[in-house]
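Visitor: I'd like a close look at one part of this model, the packing of its helices. Please take me through it slowly.

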Amino acid sequence: MTATTAEKREPFTTVSSTYVVLPVENIDTDQIIPARFLKVTDKRGLGASVFCDWRFHPDGTPNADFPLNRPDAQGARVLVAGANFGSGSSREHAPWALVGWGLRVVIAPSFADIFKQNAMKNGLLPVEVEPAVYERLVAARHGDARATVTVDLPAQTVTLGTGGRDDSRAAPPSVLARFAIDAFAKECLIHGIDELGYLLDRTADIERYEAKHH
Amino acid sequence: MTTPKTLFEKVWSEHIVREEPGVPAMIYIDLQLIHEVTSPQAFDGLRARGLRVRRPDRTFATMDHSTPTLPKNLAVVDPQAEAQLAKLTANCREFGVELFDLTTAEQGIVHVIGPELGLTQPGMTVVCGDSHTSTHGAFGALAFGIGTSEVEHALATQCLLQRKPKTLEIRVDGKLPRGVGAKDIILAVIAKIGTGGATGHVIEYRGSAIEALDMEERMTICNMSIEAGARAGMIAPDEKTFVWLEGRRFAPKGDEWTAAVARWSALRTDDGATFDASVSLDASTLAPMITYGTNPGMGIAVTDRVPDPSSGATPSDQATIAKALAYMDLEAGAPIAGRRVDVVFIGSCTNSRMGDLRAAANVMRGRKVAAGVRVLVVPGSKAIKHQAEAEGLDQVFRAAGAEWREAGCSMCIAMNGDQLSPGQYAVSTSNRNFEGRQGRGGRTFLASPLTAAASAITGKVTDPRTLSFDTSNARNDIGVQS
Ligand code: SF4
């Protein structure tokens with residue numbers, strides 16, 4: 001790539017952390033980041049408003065019961081949520097807000113298309129798992145707030161950790177699930193490459209197409 | 001003999017710039033539409049890399065989401081929105097993009113003005129940083145919403161990297177009963193297949209009921225494809241499409257027009273072409289639809305009762321319904337008709353065109369809005385506003401006690417000053433009933449312009465077929481010219 005086209009992002013390989021569970025289906029982008037926060041002209045600073053109407057009461061005080069507000073959620077880099085996560089609007093503010101809060105991975109039984117594309121372009125990995133795996137992750141977290149999960153992108157695996165329990169006699173954690181990901185998106189994430197650089201490097205093809213069609 | 005192709009496959013293969021194994025296809029974008037909310041970070045990205053807009057002649061901008069719609073007081077809702085609009089103006093100037101701002105006669109909701117100006121044409125690829133870009137598929141274009149990163153990609157290269165979506169045929173045959181329209185068809189489709197039912201697919205709507213729709217109604221259908229999770233929705237162009245487009249500002253002229261129509265006429269699914277999935281619906285059995293819950297798939301006939309959570313197919317469906325009923329404060333088993341309504345919103349890229357306004361006016365003509373109900377009628381574009389006023393529709397709305405506003409997204413999105421108060425119920429002709437979509441704590445019933453207007457008159461959710469009204473002028477085969 002030439003100097004003008006290359007733009008490196010933080011490479012994504014493996015994330016291992018505690019996780020937050022939001023067992024709700026069809027979480028739409030209006031919940032992830034309500035429209036009134038879309039008047040910004042910057043990508044930064046949206047983390048403070050992520051899930052705003054669920055995280056805060058109308059008077060602005062935090063809703064202590066909301067999973068992201070609990071003390072044991074702080075520092076978590078993985079969110080586990082219900083099916084059809086990210087439905088609704090195409091606002092890229094949704095992944096910007098999730099990343100701004102500190103997340104690097106969302107695990108769900110399914111994702112809305114545009115959200116999935118937007119997430120990967122911002123170093124947020126959408127991991128699609130079978131409903132049974134999702135249920136297992138929810139149950140494990142409900143049983144132990146210190147449960148951890150390891151998402152290994154090169155190996156495309158999700159491993160349930162043992163949390164803080166004394167498990168020296170237990171078997172080592174085994175892989176809970178393998179997940180599928182578009183091979184090109186995976187390469188881009190692992191090497192921190194952005195698609196625009198790829199497109200710009202193929203300008204000759206664009207010129208050829210335009211000469212023929214327009 | 002070539003293999004039979006679907007409409008989508010024809011448009012897709014025409015736009016492949018490059019295909020490599022293991023990499024998504026590089027697709028050429030014929031038209032990109034821009035608005036103030038999802039573009040500033042994309043222009044910043046161009047500046048950071050020292051890039052230009054590759055094809056300013058294929059890029060057009062408008063202001064719609066955060067613009068005020070109050071006629072006399074055009075002050076923007078807050079300094080942040082003002083800064084966002086100013087940024088769009090500055091970006092368009094710097095990068096040479098034509099902008100239809102608030103001072104121009106062309107301004108309006110991005111998905112209303114694209115077709116109105118003849119920018120949207122059959123066989124094109126159209127993108128916009130907005131999920132309802134699917135609207136433009138009504139013309140046989142492949143049109144889809146993208147995020148801000150892809151807005152930047154398309155600005156810089158006029159291309160996007162896309163995996164080929166699958167195809168879903170939605171067949172709607174039969175004759176629509178009186179009082180039932182395009183909005184009811186699409187709400188019934190989404191209720192049937194669910195909000196994730198078309199994920200990963202491009203829908204082609206076909207069948208006699210679709211062919212019978214005018215262009216505005218087809219836009220209403222394609223507009224809500226995204227609410228079923230679809231990548232795009234398309235309808236094959238036909239004579240109605242060509243009649244609607246001819247003479248519009250950016251439509252081809254003279255010999256170019258003749259050549260274009262010949263080309264466009266081939267844009268239909270070949271006999272024997274196959275879809276990855278197929279769903280069908282009988283239009284003659286439909287009733288006016290309304291949503292009771294917090295996603296667009298929660299639609300029922302206006303004559304139905306609010307479902308019980310136990311009717312959900314799976315435990316998580318049951319939890320979803322229970323959560324929705326709690327937010328909406330509705331009782332399972334109660335009839336939806338007769339529910340109190342505080343606000344009625346007639347507008348949005350789904351239902352703010354001439355046919356929608358005429359239909360609403362037909363119901364409201366000579367009647368009064370129920371006491372205590374606030375009614376907003378918001379045309380989709382300045383051109384529509386102008387035409388509606390020429391037909392005296394504004395007078396009908398005003399005489400009934402409704403507010404007649406300037407063009408914009410208005411109460412569809414609650415980021416421009418028009419919004420619900422916590423706990424209020426609205427019958428809305430828009431496309432999303434998500435929690436807080438029309439204002440924090442607000443509760444939305446999605447419905448057609450007829451149902452919305454009837455509900456405005458009675459102050460309750462109302463089946464429009466229970467009122468008498470004229471329907472002779474509602475169809476709009478030509479649409480407004482600007
Ligand atoms: S009217 Fe509503 S759905 Fe349509 S573009 Fe505006 S905000 Fe989006």
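Guide: Here is a walk through three helix pairs, one after another. This is a predicted model, in which local features need pLDDT of at least 70 and side-chain atom pairs count only at pLDDT 80 or more, while totals for chains, interfaces and linings use all residues. Residues are numbered from 1 along each chain as its sequence is written, chains are lettered from A and ligands numbered from 1 in the order in which they are written, and side-chain values use heavy atoms, without hydrogens and water.

Let's start with helix 2 (residues 40–49) of chain B and helix 3 (residues 79–95) of chain B, whose axes lie 10 Å apart at an angle of about 40 degrees. Helices here are DSSP runs (H or I, at least four residues), numbered from the N terminus; the axes are lines fitted to C-alpha atoms over the stretch in contact, with angles from 0 to 180 degrees between N-to-C directions. Helix 2 of chain B and helix 3 of chain B are therefore oblique to each other (under 35 degrees is roughly parallel, over 145 roughly antiparallel, 65 to 115 roughly perpendicular, the rest oblique). Their crossing is left-handed (the near helix is turned anticlockwise from the far one by less than a right angle; clockwise is right-handed). In contact (heavy atoms within 4.5 Å) are Pro40(B), Phe43(B), Asp44(B), Leu46(B) and Arg47(B) of helix 2 of chain B with Lys87(B), Asn91(B), Glu94(B) and Phe95(B) of helix 3 of chain B. By class, that contact has four nonpolar, one polar and four charged residues (Ala, Val, Leu, Ile, Met, Phe, Trp, Tyr, Cys and Pro are nonpolar, Asp, Glu, Lys and Arg charged, the others, including Gly, polar).

Next come helix 6 (residues 182–193) of chain B and helix 8 (residues 215–223) of chain B, with axes that come within 8 Å and cross at roughly 20 degrees. That makes helix 6 of chain B roughly parallel to helix 8 of chain B, and the crossing is right-handed. Ala182(B), Lys183(B), Ile185(B) and Ile186(B) of helix 6 of chain B touch Glu217(B), Thr220(B) and Ile221(B) of helix 8 of chain B, a contact of four nonpolar, one polar and two charged residues.

Last, helix 12 (residues 354–364) of chain B and helix 14 (residues 393–400) of chain B cross at roughly 40 degrees, their axes coming within 9 Å. Helix 12 of chain B is therefore oblique to helix 14 of chain B, in a left-handed crossing. From helix 12 of chain B, Met354(B), Leu357(B), Arg358(B), Ala360(B), Ala361(B) and Met364(B) meet Leu393(B), Val396(B), Phe397(B) and Ala400(B) of helix 14 of chain B. Nine residues of this contact are nonpolar, none polar and one charged.

Conventions:
Helices (H or I, at least four residues) and strands (E, at least two) are DSSP runs, numbered from the N terminus.
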